[in-house]
Amino acid sequence: MASPSRRLQTKPVITCFKSLLLIYTFIFWITGLILLAVGIWGRVSLENYFSLLNERATNVPFVLVGTGTIIILMGTFGCFATCRASAWMLKLYAMFLTLIFLVELVAAIVGFVFRHEIKNSFKNNYENALKEYNTTGDYRSDAIDKIQNTLHCCGVTNFRDWQDSNYYVEQGFPKSCCKLEDCSPQRDADKVNNEGCFIKVISTVESEMEVVAGICFGVACFQLVGIFLAYCLSRAITNNQYEIV
């Protein structure tokens, strides 16, 4: 057992670690809220784009929501473990932080490696959705209308892509292609937006995903600090048999 004098010397060190870890845990808990908010925002703001990707891509916002929820729960657990000064709970907290960090790292690598496949998948699905476009409430057709209205574009690469669709043969361009809100479906190219949607969509998604990626990267790196603090505090408590008076 450590001598009383040594324990008195280590108390300020352990108190310092506890204070830093509590501050970290609070900030970590806030980052969980941020990820949760980003996931909800992505689900609402990027829903049109995700609906034209494969089913696995539509799960990205839910992954962020799930990760944010787990971080909030783990932050609460970490705060409890720190206040109790429990060595085994702190080790468990550090282990959970490590697992979350590894999962985020793998997800980032997979997203980076398959970024071109995601673009190609979006373009192919957009072309297929355009050819099968209808006004009966199909979710892909609704997504096309929302994208074309929001970005003021028409077709995939340009407005002529619509000429290969069954809808164009029967009724001409859809209203979402019109330059003016009150124009009616026409075959006249001078009344529709000339620019295609693919490049605009990719630019929009990339700019918004940069924000998401930056937040996720910051959270992941921040977890390394928590792993270090939790490990140091746990080690100090174990080695010095620290007790709460």
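Helices are DSSP runs of H or I with at least four residues, numbered from the N terminus. The structure described here is a predicted model. In this model the chain has eight helices and zero strands, and its elements follow the pattern α-α-α-α-α-α-α-α along the sequence. The chain holds 245 residues, of which 40% are buried. Contacts between residues 24 or more positions apart make up 72% of the chain's contacts with a separation of 6 or more. The chain exposes an area of about 14000 Å², and 63% of this area is supplied by carbon and sulfur atoms.

Part of the surface is formed by a nonpolar patch. The patch consists of Met95, Leu99, Leu102, Leu105, Val106, Ile109, Val110, Val113, Phe114 and Ile118, which together have about 860 Å² of accessible area. Helix 4, spanning residues 87-113, contributes the largest share of the patch, namely eight residues. One of the patch residues, isoleucine 109, is found in helix 4. Isoleucine 109 has a relative accessible area of 48% and is therefore partly exposed, since the exposed class begins over 50%.

Aromatic side chains were examined next. A search of the whole structure finds two aromatic pairs. In one of them, tyrosine 24 and phenylalanine 28 are stacked, with 5.6 Å centre to centre and 10° between the planes. Both residues belong to helix 1 (residues 4-45), and because they are four residues apart there, about one helical turn separates them. Tyrosine 24 and phenylalanine 28 are both buried; for tyrosine 24 the relative accessibility is 3%. Tyrosine 24 also forms a tilted pair with phenylalanine 222, at 4.6 Å centre to centre and with 35° between the planes. Tyrosine 24 lies in helix 1 and phenylalanine 222 in helix 8, so this pair ties together parts that are 198 residues apart in sequence. Phenylalanine 222 is partly exposed, with a relative accessible area of 22%. Through these ring pairs, Tyr24, Phe28 and Phe222 are linked into a cluster.

Glutamine 223 is likewise placed in helix 8, which covers residues 198-240. The relative accessibility of glutamine 223 is 0%, and the residue therefore counts as buried. When neighbours within four places in sequence are left aside, glutamine 223 is in contact with Tyr24, Phe28, Ile71, Leu97, Ile100, Phe101 and Glu104. Two of these partners, Tyr24 and Phe28, are also members of the aromatic cluster.

A further approach between parts of the chain involves lysine 119, a residue of helix 5 (residues 115-131). Lysine 119 is partly exposed, at 26% relative accessibility. Apart from neighbours within four places in sequence, the contacts of lysine 119 are Phe198, Ile202 and Glu206. The C-alpha atoms of lysine 119 and isoleucine 202 are separated by 7.5 Å, while the two residues are 83 residues apart along the chain.

Side chains of opposite charge can pair when their charged atoms come close. In this model the count comes to one salt bridge. The salt bridge joins the side chains of lysine 200 and glutamate 195, with an N to O distance of 3.6 Å; this distance satisfies the criterion because the cut-off is 4 Å. Both partners are partly exposed: lysine 200 has a relative accessibility of 23%, and glutamate 195 has a relative accessible area of 49%.

Backbone geometry was considered last. Most residues other than glycine have a negative phi. Alanine 85, which is not a glycine, has a positive phi of about 55°. Alanine 85 is located in the loop between helix 3 (60-84) and helix 4, and is buried, with a relative accessible area of 10%. Histidine 152, also not a glycine, has a positive phi of about 55°. The place of histidine 152 is the loop between helix 6 (139-151) and helix 7 (166-171). At 51% relative accessibility, histidine 152 counts as exposed.

Note on methods. Residues numbered from 1 in each chain as written. Predicted model: local features only at pLDDT ≥ 70, side-chain atom pairs only at ≥ 80, totals over all residues. Heavy atoms only, no water. Buried < 20%, exposed > 50% of the residue type's maximum accessible area, 1.4 Å probe, protein only. Helix = DSSP H or I, 4+ residues; strand = E, 2+ residues; numbered from the N terminus. Contact = heavy atoms within 4.5 Å. Patch = residues over 30% accessible without salt bridge, like charges linked within 9 Å, V, L, I, M, F, W, Y side chains within 5 Å. Areas by Shrake-Rupley, 256 points an atom, 1.4 Å probe, with all protein chains shown as cover. Phe/Tyr/Trp six-rings, centres within 6.5 Å; stacked < 30°, edge-to-face > 60°.
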